[in-house]
Amino acid sequence: MKFKVFLINLDKSTERREKCEAELNKYGIPFERVAGVYGNDVADEEVERVYDSRQNQRRYKKVMGRGEIGCYLSHIKCWQKIVDDGLDYAVILEDDFKLNDAFKDFESLFEQLQDWDYVRLAFSSRNVPICQREPITSVYDLVYYKKVPINTLAQAVSLQGAKKLLENSKCFFRPVDVDMNHYWEKGINVLGIDPPLIKDRFDFSSEIERMSKGKGRVSSGALTKNIRYALDYKVKFLYFEFMKKKLSNFIRKN
């Protein structure tokens, strides 16, 4: 299978780049650095093109900040590279991961998967319950989470997943990690691997992740909007959870 490992890293974040490069080199993993988009450098015209402020007001509880917009655009760059390079998939890493021996298993695991779009590879900051699991090997299970954990530290995106994400992210109104929680709007399946392949991170926060967290301004009518947002999410979540494929459909039959 043709794949690449992408490292998203801002040009100014040299310390993070050096640490991440050292981690990947230590395990002999070739990678390609993708320059992260610094939100404050994005032209106003580009922001207006990609950011739907009207939908944000209607369907999300916070106004997106420039950092969150830059973070989203950074991931879009990676999805576009998957398509442009004709990859079967790519592993996309933000710049504060810390590897261990388990990460080296990703290639053999993905050789056993089929018809998937998006697979989370990293730990969650909280213990997120798993609602379904199916063994891939004697060690690893493919899983569905009860609720997709919100972070984009490490994930794999297939060619078909990248095409769906690009088609459905031409104009966005939520942070990228929150949008993965609304996977049905992107037309993708979001899976996980348990135990996760990345279980630790460096003791500095990722610039990419930091840009995507908590920088938006709370919009007017926040309490009413939060209640409406939560109810709308719950109804759609329950419906699309019922419609999900069985996990066994994503695992090749030997």
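**Exercise 1.** Among contacts in the chain between residues at least 6 apart in sequence, what percentage joins residues at least 24 apart?

*Solution.* Before counting, note that this is a predicted model, where local features need pLDDT of at least 70, side-chain atom pairs count only at pLDDT 80 or more, and totals for chains, interfaces and linings use all residues. Residues are numbered from 1 along each chain as its sequence is written, and side-chain values use heavy atoms, with hydrogens and water left out. Next, call it a contact when heavy atoms sit within 4.5 Å. Of the contacts that pass the 6-residue filter, 83% link residues at least 24 apart.

**Exercise 2.** Work out how the chain's radius of gyration stacks up against the globule rule.

*Solution.* Start with the parts: 10 helices and 12 strands, taken as DSSP runs numbered from the N terminus (helices H or I, at least four residues; strands E, at least two). The radius of gyration is 18 Å, close to the rule's 18 Å for 254 residues, so the chain is as compact as a globular protein of that length. That radius runs over C-alpha atoms, and the rule is 2.2 Å times the number of residues to the power 0.38.

**Exercise 3.** Is Asn151 buried or exposed?

*Solution.* First find Asn151: the loop between β8 (141–145) and β9 (154–158). Then apply the cut-offs (buried under 20% relative accessible area, exposed over 50%, partly exposed in between; 1.4 Å probe, protein chains only). Asn151 has 9% relative accessibility, so it's buried. Chain-wide, buried residues make up 51% of the 254. Finally, check its side chain: a polar atom there lies 3.3 Å from the backbone nitrogen of Leu153.

Notes. Polar contact = N/O pair within 3.5 Å; in protein donor to acceptor, adjacent residues only side chain to side chain.
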